[in-house]
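Student: Please take a close look at one part of this model, the pairing of its strands, and then connect that part with the packing and the charged contacts of the chain.

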Amino acid sequence: VTVSSQDWLANTSLSGRNYSFFYTLAGSPTLIAPPTVDGDIDQNYLETAPELLAFSDNIRTSSTWQIGTQKRVIFTTGKFLIKHKISISLGGSLVVVAKDGIGLSKNLSAGSLPNNYLGGIFVTDGSFYSSVEEDFTFTPADSDKALIVWGGVIAGSFNFSRDLGTVSNK
């Protein structure tokens, strides 16, 4: 459905645009084990890693990611748990494709532009959880912390567990 003079699309089916589609589109990169047993990836690892990463298990942020003007594509055959802010500068990009789901920590507060937000394009065959316990069970958890995603999310389903109370939830 065309909804603007710029031919933006809304309510468009993304059928077939899943992990396998994007993984194949990226040339089916070799899967590697996460750098730590618990799947933690920190800023230092990102700074020295290749632009395209493909992991064979669950991964999570273990520090704030400052992508800056870098361009990053990250695949995981498991889940992606976001425990820390992810910021991107003009000219930078981050695409995360997680086969089994994406969850944001209930403690993550990312609520104002330009410096306090969650930046990137996030794609999952599974569910996108706006607030979970900080483990890979992705147990939904209530949160009253603001969240702004500067980018976009494509998911098989969504679970929204954030409620700002008397403040607008837009």
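Tutor: Two strands are taken to pair if DSSP finds at least two bridges between them. The model is a predicted one, and the pairing can be followed strand by strand, beginning with β5, which spans residues 71-76. On one side, β5 pairs with β2 in the parallel sense over 4 bridges, and Phe-55 stands opposite Thr-76 of β5. β5 is also joined to β8 by 6 bridges, and these two strands likewise run parallel; here Val-73 has Val-95, in β8, as its bridge partner.

From β8 the path leads on to β10, since these strands pair in the parallel sense over 4 bridges, with Ala-98 opposite Thr-124 in β10. β10 also takes part in a parallel pairing with β9 over 3 bridges, where the bridge partner of Gly-103 is Tyr-129 in β10. In addition, 10 bridges join β10 to β11, residues 149-159, again in parallel, and Leu-118 stands opposite Val-149 in β11. With regard to solvent, β10 is mostly covered, 13 of its 15 residues being buried.

The packing involves several of these strands. The largest nonpolar core has 24 residues, and those with the most contacts inside it include Trp-65, Ile-74, Phe-80, Leu-94 and Phe-122. Among the elements that give two or more residues to this core are β2, β8, β9 and β10. Ile-74, leaving aside residues up to four places away in sequence, touches Leu-53 and Phe-55 as well as Leu-94, Val-95, Val-96 and Val-97, among others. A second, separate core of 6 residues includes Tyr-23, Ala-54, Phe-75 and Val-123.

The charged contacts can be set beside this picture, for the structure holds 4 salt bridges. Arg-60 meets Asp-38 at 3.5 Å, N to O, a pair that links Arg-60 in strand β3 with the loop between α1 and β1, 22 residues apart. Arg-60 also meets Asp-40 at 2.5 Å, N to O, which connects strand β3 with strand β1 across 20 residues of separation. Asp-38, Asp-40 and Arg-60 are thus linked in a network of salt bridges. Within that network, Arg-60 is buried because its relative accessible area is 13%, whereas Asp-38, at 34%, is partly exposed.

Another salt bridge brings Glu-134 and Lys-83 together at 4.0 Å, N to O; Glu-134 lies in the loop between β10 and β11, and Lys-83 in the loop between β6 and β7, 51 residues apart. Glu-134 is partly exposed at 33% relative accessible area, and Lys-83 also counts as partly exposed, at 25%.

Definitions and conventions: Residues are numbered from 1 along each chain as its sequence is written. This is a predicted model: local features need pLDDT of at least 70, side-chain atom pairs count only at pLDDT 80 or more; totals for chains, interfaces and linings use all residues. Side-chain values use heavy atoms; hydrogens and water are left out. A nonpolar core is a set of buried Ala, Val, Leu, Ile, Met, Phe, Trp, Tyr and Cys residues joined through side-chain atoms within 4.5 Å. Buried means under 20% relative accessible area, exposed over 50%, partly exposed in between (1.4 Å probe, protein chains only). Contact means heavy atoms within 4.5 Å. A salt bridge is a side-chain nitrogen of Lys or Arg within 4 Å of a carboxyl oxygen of Asp or Glu.
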